[in-house]
Amino acid sequence: MKPALIQQKEYVKKILKSRYYNKSSTESITTFKSANIALIKYWGKRCDILNLPLVSSLSYSMNGYGSRLEISLNKEKDIIIFNDNILNLNDRKAKRIIDFLDIFRLEGEYFFIKTNNNIPTAAGLASSASGFASISNGLNLLKNWKATNKELSLLARLGSGSAARSFIEGSLVYWDCGTKEDGLDSFAESMDIIPDFHMAVIIIQDKEKKILSRDAMKISLMDHEKREKWKNEQAQDLEQAINALKHKNFEEFGSIVEQNSTKFHNLLFNSKPKIIYDTDKTIIMKEKIKSFRKSGLPIYFTQDAGANIKVIFPQDSLARVQKLLDINKVQYFIV
Ligand code: PMV
């Protein structure tokens, strides 16, 4: 067994204790978890094996948009069906899922997994968050762990960092990077602030992104100085964003969110090699949003590791935003 897998299994056993050895049910389990969109980004790791983040982050739950999962035991080998396609087990996506299952697998245990996303996959719409959150909860139900949201967050993080934030619906979620080497203090929690804004997810392309977040994180934060600067500025952005939320200052909050996203993409652009997730349409859309704002609409964008754009705006601006997006023939959905 690889040393990394041994360390991951030890970590999981610290969380689940004797439950780790629970036998899987012979029933088939179905579950659903929503994706989430980072408003202050998680980017960079302080430990690769335990997937511990370098910085804390803040996200918005995409209530109802995410991954539906069916899981049951299978004989002799894993079977993974992803958006109605049976995956070759050497496929990049299948391998990632199998690596995650290996952490929890008891001897001779194989799984049948069927998962469907109702959001475009791997286009910077956080489908890995809902994907690994739903697999974690599927295992939780199959193995009767009766895990809490905190435990699920600690477990799902091993599959995809952002999955740690996908156990809370209808809310803003804060994921603390933690400081402990054992990783047990790095989990996400609901914030006690009810968001009074909406998000529109603007679909620019639904093709898969070429560079995975985990690779892009490494490349963009290789330089020690850049890494330290990013880490310090993230802490400041988070503090200011939370303050703005507490004072119900949406415009202040929105501009911190937009600046955080822009800073993140500048970091990518300035790395060697350059990492660019923008398409021409992305750039045009961001300019349009700025011009909507100049015309008096409080609307701010954020962009993850993909070409798509998400905008946030106050709830009472919904009709105006919908009208503007419709006029501009934008493909979108509101969360
Ligand atoms: O969870 P990962 O490894 O796919 O990384 C997510 C990174 C961003 O989506 C760009 C930011 C975030 O906080 O979700």
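Reader: Hey, which residues line the largest cavity?
Author: In this predicted model, the lining of the largest cavity is made up of Ile193, Ile194, Pro195, Asp196, Phe197, Ala244, Leu245, Lys248, Asn249, Phe250 and Phe253.

Reader: Okay, and which helices supply at least two residues of that lining?
Author: That would be α6 (224–246) and α7 (250–269), each with at least two.

Reader: What's the mix by class?
Author: Eight of the lining residues are nonpolar, one is polar and two are charged.

Reader: And what volume does this cavity have?
Author: About 70 Å³.

Reader: How many cavities of 30 Å³ or more are there?
Author: The structure holds two. The second largest has a volume of about 30 Å³, and Ser34, Ala35, Asn36, Ser61, Arg165, Ser166, Ile168 and Glu169 line it.

Reader: Which strand gives the largest share of that second lining?
Author: Strand β1 (residues 29–40), with three residues. By class, the second lining splits into two nonpolar, four polar and two charged residues.

Reader: Switching topic: which residues touch the most other members in the largest nonpolar core?
Author: Val12, Ile71, Phe104, Ile113, Ile135 and Leu139, out of 40 residues in that core. Several elements supply at least two residues each, including α1 (3–16), β4 (57–74) and α3 (127–142).

Reader: Which one gives the most?
Author: α2, with seven residues.

Reader: Back to Ile135, what does it touch?
Author: Leaving out residues up to four places away in sequence, Ile135 touches Leu69, Ile97, Phe100, Leu101 and Ile113. Apart from this core lies another one of 29 residues, among them Tyr60, Ile119, Met191 and Leu238.

How values were computed:
Residues are numbered from 1 along each chain as its sequence is written. This is a predicted model: local features need pLDDT of at least 70, side-chain atom pairs count only at pLDDT 80 or more; totals for chains, interfaces and linings use all residues. Side-chain values use heavy atoms; hydrogens and water are left out. A nonpolar core is a set of buried Ala, Val, Leu, Ile, Met, Phe, Trp, Tyr and Cys residues joined through side-chain atoms within 4.5 Å. Buried means under 20% relative accessible area, exposed over 50%, partly exposed in between (1.4 Å probe, protein chains only). Helices (H or I, at least four residues) and strands (E, at least two) are DSSP runs, numbered from the N terminus. Contact means heavy atoms within 4.5 Å. On a 1 Å grid over the protein atoms alone, a cavity is a set of points where a 1.4 Å probe fits but cannot get out, and a pocket is an open set with protein on both sides within 12 Å along at least five of seven lines; lining residues have an atom within 4 Å of a point. Grid points are joined across faces, edges and corners, and a volume is the space filled by probe spheres set on the points. Ala, Val, Leu, Ile, Met, Phe, Trp, Tyr, Cys and Pro count as nonpolar, Asp, Glu, Lys and Arg as charged, and the others, Gly among them, as polar.
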